[in-house]
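Hi everyone, thanks for making time. I'd like to walk you through a structure that's new to most of you, so let's put it up on the screen.

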Amino acid sequence: MKVLITQKLPFDIENYLKDFEIDYRKEHTPIPYEELLERVRGCDGLICMLSDKIDKNLFDNAPNLKVVANYAVGYNNIDVEYATKKGVVVCNTPDVLTETTAELGFALMISLARRVVEADKFTREGKFEGWTPNLFLGTDLYKKTVGIFGFGRIGQAFARCCKGFEMEIIYHSRNQYFQSELLLGAKYVSFEELITNSDFLVIAAPLNDDNYHKFDLDVFKKMKRTAFIINIGRGPIIKEDDLVVALENGYIKGAGLDVYEFEPKIDEKLFDKNNVILLPHIGSASEETRAKMAKMCADAIISVLKNKEKPKYALN
Ligand code: DGY
């Protein structure tokens, strides 16, 4: 049984999968699509990254493929419906990265509020000439309203962080979570209420047909001019062109982004803005979590190819 792994993982996966023949591409850059097609052709299993496009063409090209384990919780890079038609099991890595990703979102929120990145740059540039009352005035999180768009595992973990800062928590999601509302003091609101009332608006949703470009110019115009937007979900939920216009016209106060509409391409107009923090999609990037994600992917391969059983986190 042959398994392709498309990038180097922070885990001794060769040893863990020693019963298999491994085609391990030990690189730290996304595999070009043509190379992926070529190398997956004779494989029974595939461990892929969120940057790998796993489409109809790929499935048609890999007749032996039985399992695809996506090294991410989001799986909008995979045509799961077609995989199902082809009898290929698709798995992802939920749960283990929940807190890690929420923490990064929180880091973005607090850094934006207190202008941490800007102030660090200023200090390194030798511009600090002594304490003064107006230097880098930011805004408090305490008692502010945080609006969470997408209240799944990550959205709820984010809310848990906010609770410690006594923030007012509102959310909008496909489902209403009554128990979490009680535990976290969170309140379900309409999308309109979410965008008009939030001081900090955090996107923690997976990408789907309903939320593609959900945050466009019309939405930004309705938000508070003092509001910040943070995206730890998926880039195309925000129309990036419109975000630039919103920032340039002061419709919102700032943005913290970990994901982008045309990843890894980023609208260059975002680069020179002090009220924007840009991260290179590192939501789940802690040593512990990335190792756990790799083990989960390997376990999915073992379940399907060796134990002939349904993996714990099968999506189809
Ligand atoms: C995921 O797993 O989908 C995250 O975006 C990774 O950081």
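Before we go anywhere, one bit of vocabulary: a residue is called exposed if 12 or fewer other C-beta atoms lie within 10 Å of its own, and buried if there are 20 or more, with partly exposed in between. Also keep in mind that what you're looking at is a predicted model.

So, with that cut-off, is Phe136 buried or exposed? It has 12 C-beta neighbours inside 10 Å, so Phe136 counts as exposed. You'll find Phe136 in the loop that runs between helix H6 (116-124) and strand E6 (145-149). The backbone is a bit of a curiosity there: Phe136 isn't a glycine, yet its phi is positive, about 50°.

Glu166 tells a similar story. Its phi is near 50°, again a positive value in a residue other than glycine. Glu166 sits in the loop between helix H7 (153-163) and strand E7 (168-172), and because it has 12 C-beta neighbours inside 10 Å, Glu166 counts as exposed.

While we're on backbone oddities, have a look at the loop between strand E11 (254-257) and strand E12 (276-278), which holds Pro264. The peptide bond joining Glu263 and Pro264 is cis, with omega at about 5°.

Okay, back to H7, and how it packs. Helix H5, residues 98-113, and H7 have axes that come within 8 Å and cross at roughly 55°. That angle makes H5 oblique to H7, and the crossing is right-handed. On the H5 side, the residues that meet H7 are Thr98, Glu99, Thr101, Ala102, Glu103, Gly105 and Phe106. From H7, they are met by Arg153, Ile154, Ala157, Phe158 and Cys161. By class, that contact has six nonpolar, three polar and three charged residues.

Hang on to Thr101, since it shows up again around the ligand. Which residues surround the ligand? They are Leu50, Ala72, Val73, Gly74, Leu97, Thr101, His281, Gly283 and Ser284. That shell splits into four nonpolar and five polar residues, with no charged ones.

Last stop: Ile22, in strand E2, residues 21-24. Ile22 has 19 other C-beta atoms within 10 Å, so it's partly exposed. Setting aside neighbours within four places in sequence, Ile22 is in contact with Val3, Ile5, Glu14 and Leu17. And how far apart are the C-alpha atoms of Ile22 and Ile230? They're separated by 39 Å, with the two positions 208 residues apart along the chain.

That's my tour, thanks for listening.

Technical notes. Residues numbered from 1 in each chain as written. Predicted model: local features only at pLDDT ≥ 70, side-chain atom pairs only at ≥ 80, totals over all residues. Near = placed C-beta within 6 Å. Nonpolar A, V, L, I, M, F, W, Y, C, P; charged D, E, K, R; others polar. Helix = DSSP H or I, 4+ residues; strand = E, 2+ residues; numbered from the N terminus. Axes fitted to C-alpha atoms, helices over the stretch in contact; angles between N-to-C directions. Parallel < 35°, antiparallel > 145°, perpendicular 65-115°, else oblique. Left-handed = near helix turned anticlockwise from the far one by under 90°. Contact = placed C-beta atoms within 7 Å.
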